[in-house]
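I opened my notebook to look up two serines and then the chain around them. Here is what I wrote down as I went.

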Amino acid sequence: MLRFDISDLEDEIEVEFDESSEDLGFQDELRFADRIKGRVRISRVSGGIEAVGEVMTAVYLECARCLETFKYPLRTSFDVIFRRGSEPIQWQEEIALKDEDMKISFFQGDFIDVGEEIRQDIIVSIPIKPLCKESCKGLCPRCGGKIDKGECKCPKEEKDSPFSILRGMFSEKEGMEHGKS
């Protein structure tokens, strides 16, 4: 866990970390290929405690095109301001959040937990449509073979189009013009 006692924080502290996915509260959402490593600098700022850091790890993802599992390296950074108290809840009306509102987290007591911020940052860094490589051609819609790996042996057919009837008409006409019938 990345909990820090800030009760006697005078200037700033910088800490390197090397955590397991379980230490940061990941259960079965992601399959990690590496430990979660990085560094965090914690300092007092007006209005709270600032935690700035970077995170490096790798996860196994499934390609959205070919369904093959691949190792995806993740490198991300975070910057959050911890403020003492609890988050104000406004249920009556919708409000628009500003950019600076997105980097505020609340804490009580003398400890801040950077682990939850790192966990959330990793989750939002996962691509919505992960690809094993940008040029992945995916699966054949007929046989299900992986096109990139040559597993598809389907004959190459022209797509059926509304104009395919014209193809037959032209070939018959050409045959008549050249004395063929």
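I started with Ser-43, which I found in strand 4, residues 36-45. I should say right away that I am reading a predicted model.

Next I asked myself: is Ser-43 buried or exposed? Its relative accessibility is 7%, and because the cut-off for buried is under 20%, Ser-43 counts as buried.

Then I looked up what Ser-43 touches, leaving aside neighbours within four places in sequence. I noted contacts with Leu-9, Asp-11 and Glu-12, and also with Gly-48, Ile-49 and Glu-50.

I moved on to Ser-7. I found Ser-7 in a loop, between strand 1 (3-5) and strand 2 (12-19). Its relative accessible area is 42%. Partly exposed covers the range between the 20% and 50% cut-offs, so Ser-7 is partly exposed.

Which residues does Ser-7 touch, not counting those up to four places away in sequence? I wrote down Arg-44 and Asp-110. I also checked Ser-7 against Phe-111: they are 104 residues apart along the chain, yet their C-alpha atoms are separated by 7.5 Å.

Last, I turned to the whole chain. I listed two helices and eight strands, and in sequence order the pattern reads β-β-β-β-β-β-β-β-α-α. The chain has 181 residues, and 31% of them count as buried.

I looked at contacts between residues at least 6 apart in sequence, and 56% of these join residues at least 24 apart. My final entry is the surface: the chain exposes about 13100 Å², with carbon and sulfur atoms supplying 49% of it.

Technical notes: Residues numbered from 1 in each chain as written. Predicted model: local features only at pLDDT ≥ 70, side-chain atom pairs only at ≥ 80, totals over all residues. Heavy atoms only, no water. Helix = DSSP H or I, 4+ residues; strand = E, 2+ residues; numbered from the N terminus. Buried < 20%, exposed > 50% of the residue type's maximum accessible area, 1.4 Å probe, protein only. Contact = heavy atoms within 4.5 Å. Areas by Shrake-Rupley, 256 points an atom, 1.4 Å probe, with all protein chains shown as cover.
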